[in-house]
Structures are given as C-alpha cells and as structure tokens.
Amino acid sequence: MRFYLKLAWRNIFRNRRRTFLTGLIIGIGLAAMIFVDAYIVGMKDGMISSATSSFLGHAQIHREGFQDSQDADLTIARTDKLVEQLRSDPHVEAFSERTLSFGTISAPADIASVVIYGIEPQREKALSKVDESIVEGSYLEQNEGALIGQDLARRLEAQVGDRIVITVSQAASGELSQTLFRVHGIFRMHIKEIDSAAVFIPLSAAQSMLGIGRGIHEIAVRFDRTQYASEQGQRFSADYSRFGNVAETWQQLVPQIKYILDMTNISIAITVILVFAMIMFGIINTMFMALYERTFEFGVLRAVGTRPARLRNLIVFEAASLAVYAAALGMILGAAVTLISSFTGLDLTGVEFAGTTFTSRIFPVFALRQFTLYPLLVFGFTCLVSLYPAGHASRMSVAGALQRAL
Amino acid sequence: MRKENNMSDQNDIVLTKGVKKDYRRDSVVVHAVQGVDLAIKKGEFTAIVGPSGSGKTTFLNLISGLDSPTEGDVWLNGEHISEMSGNELSDFRRDNIGFIFQAYNLIPVLNVEENVEYVMMLQGVSGGERHRRVSRILSEVGLEGFNDRFPKAISGGQQQRVAIARAMVTRPALVLADEPTANLDSKTSESLLDMMRGLNWDTGMTFVFSTHDQRVIDKARRVIVLEDGLNVRDEVRE
C-alpha cells in the first residue's frame, strides 16, 4: 500500500505542467465553492439581520388572534408577568412593548392610511434600528412627537416640525380619536412598507388614543444570539405562550425568509453539482491522457505480475494524490479570494430580495465546512470518478498494451 | 478441470499443442499463429526468429500467458496456463516468468533498486531480503552502486541491464525477451547477450528470445523459425 502511494505521488508529478493545470481547475472549482458558500452564509446572516434587527426582532409575543384580526382590543394578557419573565431570561438581550393599530395621517397636502406603532423610545432604541434610521430631525426623546417614513413624508409633503393629525378608532367604543403631533423626525429603514406607511408615536400617546389603558399589542424580543431563535425557538414559544398569548420566532412571523434561506441551500447544492461536473471532466480527461501515454508501462506492470486490482488501486491513488494537491491549492485560493473580498464586502444596501431589504453590506463568512466538508467531498468525488479510467486500465489486454508502444 | 500434461517430458518448461491465435484487424481476420506444436526444455537458450509479421511476438505472448490462444493448449512449468483466470495468470507470471522487453521498459518514477525489487514486493518478500537480492543481482549485471539512480539518469544499455536484473532477481523458471537488443548499439547488444548467456550457463535458467537480430541468433543454442504463424524450422546447435 505504502509503495503504491509513493508510486502514485511520484507519478502525478511526472508531467508537472499538466498536474498543475488539472490541480488548478479542481482548485478553482473548490475555491469557487468556498467563495460562494462564504457569501451565501454572509447573505443569509445579512437577510436574517436585515429582517430581525431593523424592527421585527428575533421573536414577538401577541395576544392569541391579534395577528389575524389586528383588533385593538386584543392586548397582551398579564403583561407584567411576561415582562418579569423576559427580564430574568438570560437569553433575552432586549425587548420592547408596542401598540399596533391602523389609522390615517393627515397633513395639509395629503392624507394617507398608515400603521401606527406606539413605542417606548428608550426600550425601542435597544431593540430596533428606528433611531439609527433617522435621516432628518431626531429620534423620539420624550413622550411627544411622531416619526414618519421618508416616502410618506414626501407624499404628505411634510417636514420636520410640521403638524400632522393621526386618526385611529378607539378599541372599546370604535369612536374616532384624533391627536395632533409634530413631526419630530423622518426615518429611512430601507423597508418599503415601513418607509411608506408607518408612523411611530410614543407608547403612552398611542395607548391613550386607542383607549386601552396600559395595554400593549406586541412585545418584540431580541436574543443574545441570532441562532438562538433557530436552536431554541420551540422552547421559547412554549415558555412564553401563556395566559392566552402566543410567542413566535422570526421563522414563524416571516416564513418567506425561511423559505428563501432553504432555497439558498439548493443554490449551494447546484453550485456543488456544477463544480463537481467540472472536476469530473477534468479528472477523467487527465487520467485518460495519462493512461494512453503510459499504456506500455501499465502493460509492463501487468506482465510482471501486477494484478488488475492493484493497477486499478494505483490509478485511484494517483487521483487521490491529485485531489490532495488540488484541495490544498483550492483551499489556499478560496481563502485568499474570500479574505480579499471581505475587506469591501458586497453593497446590497436597499436591495429588496424576497420581501427583505438588505440594510447593510454583505460580508463573506468563513465556515468550518468550507475547509473540511468541501475538500473532503472533492477528495472523495475525485477518487470515485477515477474508478472509471482505473477500471478501464485494469481491464486492458496486456498483450495489446505492450504492442501499443512497439 | 485443467488438462494434465501427460504427453510431455518432465524437462519441458514450455509445451504447446496446436496453438492458434486469430485476431481481427479492422474487418480482416489475421491468423497470427496457425497451430504450433513446440517443446522447450529447461535451461535452453532459444531464439524464435522470423520476419516481421511472422507471429514471433504473438507466440511469445501466448507461451507467457500475456494473451490467450484462440485454439490449442499451452503448458508452462507443468501448468496448463490456457485455462487460468486473470489473477491466477498474474500470480503465475510473477512467480515463474521474467520479462525483458525492448529498451525503455522500466518504470520511470522508480529508481533502479525499486524497479528491480518490484516483483519481489508483489511476492511479499521482506524488505531486508529484497535489498540483499537486489544488491547481488545488480552486482551480477555490473550495476553495483546504481541503486538510487533513476532510469533517465542511466544509458539505454544500463537500463536494459536493470530490466535483466528485474527479470532474473526472482530466479524464475523462464526468462522471455522480446527483441531485447532492438534499440541498442552493437557493442552494448553483444555485452548484454554475453551476460545473459553467462547467466543461463551459471543458473540454468531458460531463456527464450523473440528476435530478428543476427547477433542474438548467433548466440542461441536453439533456433526456431516462424513464418506466417507456422514453425517451419527447428534447429538445435551443439
């Protein structure tokens, strides 16, 4: 075995240029897999981050039925107990109570239907990026004023300091309730629905307009790790779905993102298949070229007593040696290209993809599998593919092989 | 069930009966060997001669188990090789036949010692024993100290000496040489032939050559002439 490994290793360097080029083809394939995978991981993280960190949070708690009916009456039950539980949960980094209602906003120039979020400014600051999204004016500091999206502001021709009137229907009576606010700030979150149809007002003002006392409709939660929602989502749901409330993670709240993430796995699989097809043709071509060049040599090996299986093993070992060489080349190349591109990243800010708008640059993320699983797959696949030329060589007629060189 | 070799002398190393070999070249059937009956005794130094296309190499392939006959039987060292499986034939060749081909038949990525010890490695001979035997045979063929050299670093004549060492290191019953002097100059050819003749004399190993080189024919003790796949003359010299 050791002898054949030595022989195989020496054989692949007989034609250094060919070995280098074949190794480079396979290596580029592996490097492409590493690079694409790193960006897909980065993109996944970016999508999750864009979807959750802007406003959604990693999880939310609502009163059962609220998500479907959006009925202002359906406030979260036993808020105090849940808040106490959230405060003592080591995996909860931040949470924010909100009201959520539909209404209209009137400005001198126009009127629009909007979603009105009542927020606790300081708590919201710790959870979402509403404060970071202010492009004009300033964030809510006291329990006064309103924040409106840039697109909505354009439509209403409203500016910071302008007066606007928000109208909602009261929870209990259904009576219309109107309040005058001054535009405190204009935000741009790069999320179309929010920028064009959302208004943030202080929580107490919203509760008062809706007539729900100290009631809230939503608690948005951020975990200490993004992965916690995937790993322990069910446990979180079970722990907080109490008193007639429902706790859901972002996968349940925006399932389309999960589908998209699943689809990215398919795109990784397609990349892998394409790369492996490239490797397959590279290996088969190289092995057959070497095989035809060395037909007489194989004939000699067989003539002096080498069994067909040993000859087949020798060729598989040669392919394995080539795979080791190519995998090393591919890993170095893949790491280098990915590292270089990580300095700049990919600017997809504002690009909407599957209902999610990227809010920051996408940076490649190295993962262990890129340097373990993929090289191993390349190695295994190369060995597997080499069985074809190896089988061909082991079945060739010895007399015919010896005749070939004469 | 294998055929018993009842008809031969115990001294026969090679015995063929009615051996024929046909093969197809494009759409034409070529009758390369057309029923050869032959016995070669242990210790002979035999040349199979004939013009190109006479069937020399094909016959050599048949008696060494490198090819199988279309018809007829071949016994080698008492074994009916025509009926052996692929692996059996590989093992039989490994243990009973030494091969010398035309020049440049060494494995280029193995050094002289590795080339010579290769067959012993297939036989499972220990490393120490292999090294001892390689040193002895290299000394016999005049290549002492060449162990670490690679084929490309030695001359054509020296490469053929290595091939002879490889063929003989296991002390096989039969050494088959297909045109061993074809690519060598006359001086080197003479020297190699003398060496093989001496080894044949000293060890009693049987040598069978396929050749049309007159120098080989002159050295042979027996000359078998093939023409159109038939044995037309068999001459034993004293």
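Buried area is the accessible area that two parts lose on being put together, summed over both. In this predicted model, chain B and chain A bury about 2300 Å² between them. Carbon and sulfur atoms account for 64% of that area.

Start with this interface. Here 27 residues of chain B are in contact with 24 residues of chain A. On the chain B side, B:Ile107, B:Val109 and B:Tyr118 lose the most area to chain A. Together they give 24% of what that side buries.

The interface also has charged and polar links. Three salt bridges cross between chain B and chain A. A:Arg10 forms a salt bridge with B:Glu114, and the closest N and O atoms are 2.6 Å apart. Nine residue pairs are in polar contact across the interface, both residues being at pLDDT 80 or more. Three helices of chain B, α1 (56–64), α2 (86–96) and α3 (112–123), each supply at least two residues of the side that touches chain A.

Now look inside chain A. The domain assignment gives domain 1 (2–51 + 258–405) and domain 2 (59–225). Their contact takes six residues from domain 1 and five residues from domain 2. The C-alpha centres of the two domains lie 53 Å apart. About 410 Å² is buried between them, with 49% from carbon and sulfur atoms. The count of salt bridges between these domains is zero. The count of residue pairs in polar contact, both at pLDDT 80 or more, is also zero.

Finally, follow helix α15 of chain A, residues 373–395. Its 23 residues should span 33 Å at 1.5 Å a residue, and its end C-alpha atoms are 33 Å apart, which agrees. Helix α15 bends by about 30° at A:Leu387. A proline, A:Pro389, follows within four residues.

Definitions and conventions. Residues numbered from 1 in each chain as written. Chains lettered and ligands numbered in written order. Predicted model: local features only at pLDDT ≥ 70, side-chain atom pairs only at ≥ 80, totals over all residues. Heavy atoms only, no water. Expected span 1.5 Å × (residues − 1). Bend = angle between axes of the 7 residues up to and from the residue. Domains from an automatic or database assignment. Contact = heavy atoms within 4.5 Å. Buried area = accessible area lost by both parts, 1.4 Å probe. Salt bridge = Lys/Arg side-chain N within 4 Å of Asp/Glu carboxyl O. Polar contact = N/O pair within 3.5 Å; in protein donor to acceptor, adjacent residues only side chain to side chain.
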